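Work through the exercises below with the sequence and the model side by side. Each task is followed by a solution that proceeds step by step.

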Amino acid sequence: MGIGIIFEKENINTLDAKGEVLLTILSSLAQDESQSILENCIWGIRRRFETGKHKMSTKRFLGYDTNETGKLVINRT
């Protein structure tokens with residue numbers, strides 16, 4: 001339809017061939033960074049499972065709190 005998008009911060013115009021290439025490269029880099037963050041998160045979760053540690057938020061977890069050592073304890077209130 002011939003409608004272009006101009007990214008002001010990066011100075012990219014999608015109607016320009018150079019802009020299309022630059023946009024493709026930047027989106028590829030962003031995808032790689034996202035994949036790297038995902039792999040790091042999965043690695044951390046696996047390591048915690050291997051060591052027997054858990055990371056659980058008890059702020060919205062009704063009926064339980066954590067003590068000084070991080071173990072779950074029943075909150076009777």
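**Exercise 1. Place N11 in the chain and describe its backbone and its exposure.**

Solution. N11 belongs to the loop between strand 1 (6-7) and strand 2, where strands are DSSP runs of E with at least two residues and helices are runs of H or I with at least four, both numbered from the N terminus. The model is predicted, so that local features need pLDDT of at least 70 and side-chain atom pairs count only at pLDDT 80 or more, whereas totals for chains, interfaces and linings use all residues. Residues are numbered from 1 along each chain as its sequence is written, and side-chain values use heavy atoms, with hydrogens and water left out. The next step is the backbone: phi of N11 is near 60 degrees, a positive value in a residue other than glycine. Most residues other than glycine have a negative phi. Finally, N11 counts as exposed because its relative accessibility is 68%, given that buried means under 20% relative accessible area, exposed over 50%, and partly exposed in between (1.4 Å probe, protein chains only).

**Exercise 2. Locate L15 and identify its contacts outside its own sequence neighbourhood.**

Solution. L15 lies in the loop between strand 2 (12-13) and helix 1. Leaving aside residues up to four places away in sequence, L15 touches G2, I3 and G4, a contact being heavy atoms within 4.5 Å. For one of these partners, G2, the C-alpha atom is 7.5 Å from that of L15, although the two residues are 13 apart along the chain. L15 nevertheless counts as exposed, because its relative accessibility is 57%.

**Exercise 3. Compare the span of helix 1 with its expected value, then examine two of its residues.**

Solution. Helix 1 comprises residues 17-51, 35 residues in total, and reaches 52 Å from its first C-alpha to its last, close to the 51 Å expected at 1.5 Å a residue; the expected span is 1.5 Å times one less than the number of residues. Within helix 1 is S27, which is partly exposed because its relative accessible area is 43%. The C-alpha atoms of S27 and D16, eleven residues apart along the chain, are separated by 17 Å. Q31 is also found in helix 1 and counts as partly exposed because its relative accessibility is 49%. From Q31 to K53, 22 residues away in sequence, the C-alpha distance is 30 Å. Just after helix 1, G52 takes a positive phi of about 80 degrees.

**Exercise 4. Assess the overall form of the chain from its elements, dimensions and burial.**

Solution. Begin with the elements, which run β-β-α-β-β from the N terminus on, giving one helix and four strands. Turn next to the dimensions: the C-alpha trace spans about 65 × 30 × 20 Å along its principal axes. The radius of gyration of the chain is 23 Å, whereas a compact globule of 77 residues would have one near 11 Å, the value being taken over C-alpha atoms and the globule rule being 2.2 Å times the number of residues to the power 0.38. As for burial, 6% of the 77 residues count as buried. The last step concerns contacts with a separation of 6 or more, of which residues 24 or more positions apart account for 0%.
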